[in-house]
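Visitor: I've got a structure to look through and a few things to ask. Could you walk me around it?

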Amino acid sequence: ASAQHNSETVQHKTQVRGGKTFEMLLADANALQVEYCLCLNSGVQVYLNKCFAADRAVTEYFKRLQLTPNDRDEQTSESVLELRSTCMRLNLEILSGKTADELLAIYSAHFDFEAEVWQEWPLDVDTRFQTTLDMIVIMQDSAYR
């Protein structure tokens, strides 16, 4: 009986979520809400891509170090040293705040509603204004990180 109750509960919640999703999509027939979200995400995505690249490099570096013999007489391969340098460079870009500054610059470019960065977004001036208000929140949050 409990399993059936859980199944009915899940089914009901799924229907409610589906109904809310349907209502949201119906209310936004031009799909501008999706554009709005993508626009807000643009700077954050650049930042995350740089973090992912640094993480990939560090992961690869650790994998290579595991294959490096402990013998101190043997030279560390040039490719491992280059990878170490890449790891340091990518992580320093993040830790120094350079990547966060790039994020701020991406969002700051949107404060002029006629700027080129808006040309690909089919958002009217009112929506652009609301978007920039939300961008300010994102910018403040990134400044604290």
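## A walk around the model

Guide: Sure, let's begin with a charged side chain: Arg89 has a relative accessible area of 46%, so Arg89 counts as partly exposed. Keep in mind that this is a predicted model.

Visitor: Which residue forms a salt bridge with Arg89?
Guide: Look in helix H3, residues 78-95, where Arg89 has a partner four residues apart, about one turn of the helix. The closest N and O atoms of the two are 3.7 Å apart, which fits the 4 Å limit for a salt bridge. The partner is Glu93.

Visitor: Is Glu93 buried or exposed?
Guide: The cut-off for buried is under 20% relative accessible area. Glu93 comes in at 17%, so Glu93 counts as buried.

Visitor: How many salt bridges are there in total?
Guide: Besides the Glu93 and Arg89 pair, Arg64 bridges to Glu60 with the closest N and O atoms 3.2 Å apart. Glu102 also forms one with Lys50, at 2.6 Å. The count comes to three.

Visitor: What separates Arg64 and Glu60 along helix H2?
Guide: Arg64 is partly exposed at 29%, and Glu60 is partly exposed at 33%. Both sit in helix H2, four residues apart, so the separation is about one helical turn.

Visitor: How many residues apart are Glu102 and Lys50?
Guide: Glu102 is in helix H4 and Lys50 is in helix H2, so this pair links distant parts of the chain. Glu102 is partly exposed at 25%, and Lys50 is partly exposed at 26%. The two are 52 residues apart.

Visitor: Let's go inside. How many residues make up the largest nonpolar core?
Guide: In soluble globular proteins, nonpolar side chains tend to be buried together. Here the largest such core includes Tyr36, Leu103, Trp118 and Met139. The total is eleven residues.

Visitor: Which element gives the largest share of this core?
Guide: The elements that give two or more residues to this core are H2 (32-67), H4 (98-108) and H5 (125-144). The largest share is three residues, and that comes from H2.

Visitor: How many residues are in the other core?
Guide: That other core lies apart from the largest one. Among its members are Ala57, Val80, Leu90 and Ile94. The number of residues is eight.

Visitor: Back in the largest core, which residues is Met135 in contact with, leaving aside neighbours within four places in sequence?
Guide: Met135 is one of the residues of the largest core. Two of its contacts, Cys39 and Leu40, are core members as well. The full list is Cys39, Leu40, Tyr107 and His110.

Visitor: Thr132 lies in helix H5 too. Is Thr132 buried or exposed?
Guide: Not counting residues up to four places away in sequence, Thr132 touches His110, Phe111, Phe113 and Trp118. Its relative accessibility is 5%, so Thr132 counts as buried.

Visitor: What kind of aromatic pair do Phe113 and Phe129 form?
Guide: Phe113 lies in the loop between H4 and H5 and Phe129 in helix H5, so the pair ties together parts that are 16 residues apart in sequence. The ring centres are 6.4 Å apart and the planes meet at 90°. Planes over 60 degrees apart put a pair in one class, so this one is edge-to-face.

Visitor: And what kind is the Tyr61 and Phe62 pair?
Guide: Tyr61 is buried, with a relative accessible area of 15%. The rings of Tyr61 and Phe62 are 6.3 Å centre to centre, with 40° between the planes. That pair is tilted.

Visitor: Which residues form the nonpolar patch on the surface?
Guide: Phe129 is partly exposed at 45%, and Ile136, found in helix H5, is partly exposed at 35%. Both belong to the patch, which has about 340 Å² of accessible area together. The members are Phe111, Phe129, Leu133 and Ile136.

Visitor: Last stop: how far apart in space are Glu35 and Thr86?
Guide: Glu35 lies in helix H2 and is in contact with Trp121, Pro122 and Leu123, leaving aside neighbours within four places in sequence. Glu35 and Thr86 are 51 residues apart in sequence. In space, C-alpha to C-alpha, the separation is 35 Å.

Conventions:
Residues are numbered from 1 along each chain as its sequence is written. This is a predicted model: local features need pLDDT of at least 70, side-chain atom pairs count only at pLDDT 80 or more; totals for chains, interfaces and linings use all residues. Side-chain values use heavy atoms; hydrogens and water are left out. A nonpolar core is a set of buried Ala, Val, Leu, Ile, Met, Phe, Trp, Tyr and Cys residues joined through side-chain atoms within 4.5 Å. Buried means under 20% relative accessible area, exposed over 50%, partly exposed in between (1.4 Å probe, protein chains only). Contact means heavy atoms within 4.5 Å. Patches are made of residues with over 30% relative accessible area and no salt bridge: like charges are joined within 9 Å, nonpolar side chains (Val, Leu, Ile, Met, Phe, Trp, Tyr) within 5 Å. Accessible areas come from the Shrake-Rupley method with a 1.4 Å probe; for residues, only the protein chains shown count as cover. A salt bridge is a side-chain nitrogen of Lys or Arg within 4 Å of a carboxyl oxygen of Asp or Glu. Rings of Phe, Tyr and Trp (its six-membered ring) pair if their centres lie within 6.5 Å; planes under 30 degrees apart count as stacked, over 60 as edge-to-face and the rest as tilted.
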